[in-house]
Amino acid sequence: MKKNLLLLAIVVLLAIVPLFIQKGAEFGGADGVAEAAISEIDASYEPWFESLWEPPSGEIESLLFALQAAIGAGFIGYFIGVMRGKHKEG
């Protein structure tokens with residue numbers, strides 16, 4: 001139990017400490033960095049296709065990304081639980 005609490009505390013610290021160390025920093029995604037690098041290499045580059053649907057705001061986009069991550073984590077946790085249960089049975 002103590003080991004789990006220690007690990008949880010470390011994870012929380014790893015998530016929060018950078019926010020205080022880099023005050024005012026912009027935490028952008030890889031898409032923006034890639035777009036900037038591509039336009040720096042070739043300013044005339046045209047994307048091959050456009051998104052089918054653009055979220056109405058950045059908050060909605062973040063919500064959908066978090067939801068996707070939560071569903072994936074839930075699936076992985078369920079799979080690991082099922083496999084561990086099968087291993088304990090026999």
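**Figure 1. Helix H1 and Leu-14 in a predicted model.** Helices here are DSSP runs of H or I with at least four residues, numbered from the N terminus. By that rule, Leu-14 lies in helix H1, which covers residues 2-21. The model shown is predicted. Is Leu-14 buried or exposed? Exposed means over 50% relative accessible area. Leu-14 has 63% relative accessibility, so Leu-14 counts as exposed. Phe-75 serves as a distant marker for this view. Leu-14 and Phe-75 are 61 residues apart along the chain, and their C-alpha atoms are separated by 24 Å.

**Figure 2. The whole chain, for orientation.** The chain has three helices and zero strands. Read along the sequence, the pattern is α-α-α. The C-alpha atoms fill a box of roughly 60 × 35 × 25 Å along the principal axes. How does the radius of gyration compare with that of a compact globule, and what is its value? A compact globule of 90 residues would have a value near 12 Å, but this chain has 20 Å. Burial is scarce: of the 90 residues, 1% count as buried.

**Figure 3. Confidence along the chain.** The mean pLDDT of the chain is 88. A value of 70 or more is reached by 98% of the residues. Which helix has the lowest confidence? That is H2, at a mean of 87. Helix H3, residues 58-89, has the highest confidence, at 92. As a reading rule, where pLDDT is low, the predicted coordinates should not be read in detail.

**Figure 4. Helix H2, end to end.** Helix H2 runs over residues 30-41 and has twelve residues. At 1.5 Å a residue, H2 should span 16 Å. Its end C-alpha atoms are 16 Å apart, so the span agrees with the expected one. H2 is hardly covered, with a count of zero buried residues among its twelve. Ala-30 is found in this helix. At 61% relative accessibility, Ala-30 counts as exposed. Ala-30 and Glu-54 are 24 residues apart along the chain, with C-alpha atoms separated by 18 Å.

**Figure 5. The largest pocket.** This pocket has a volume of about 630 Å³. Which residues are closest to its centre? Of the 19 lining residues, they are Asp-31, Gly-32, Ser-51, Glu-54 and Glu-61. H2 and H3 each supply at least two residues of the lining. The largest share, six residues, comes from H2. By class, the lining divides into nine nonpolar, five polar and five charged residues.

**Figure 6. The second largest pocket.** The volume here is about 220 Å³. The lining consists of Tyr-45, Pro-47, Trp-48, Phe-49, Glu-50, Ser-51 and Glu-54. How many of these lining residues are nonpolar? Four are nonpolar, one is polar and two are charged. Two names recur from the previous view. Ser-51 and Glu-54 line this pocket, and Ser-51 and Glu-54 are also among the residues closest to the centre of the largest pocket.

Key
Residues numbered from 1 in each chain as written. Predicted model: local features only at pLDDT ≥ 70, side-chain atom pairs only at ≥ 80, totals over all residues. Heavy atoms only, no water. Expected span 1.5 Å × (residues − 1). Buried < 20%, exposed > 50% of the residue type's maximum accessible area, 1.4 Å probe, protein only. pLDDT = per-residue confidence, 0-100. 1 Å grid on protein atoms, 1.4 Å probe; cavity = no way out; pocket = protein on both sides within 12 Å on 5 of 7 lines; lining within 4 Å. Points joined across faces, edges and corners; volume = space filled by probe spheres on them. Nonpolar A, V, L, I, M, F, W, Y, C, P; charged D, E, K, R; others polar. Rg over C-alpha atoms; globule rule 2.2 N^0.38 Å.
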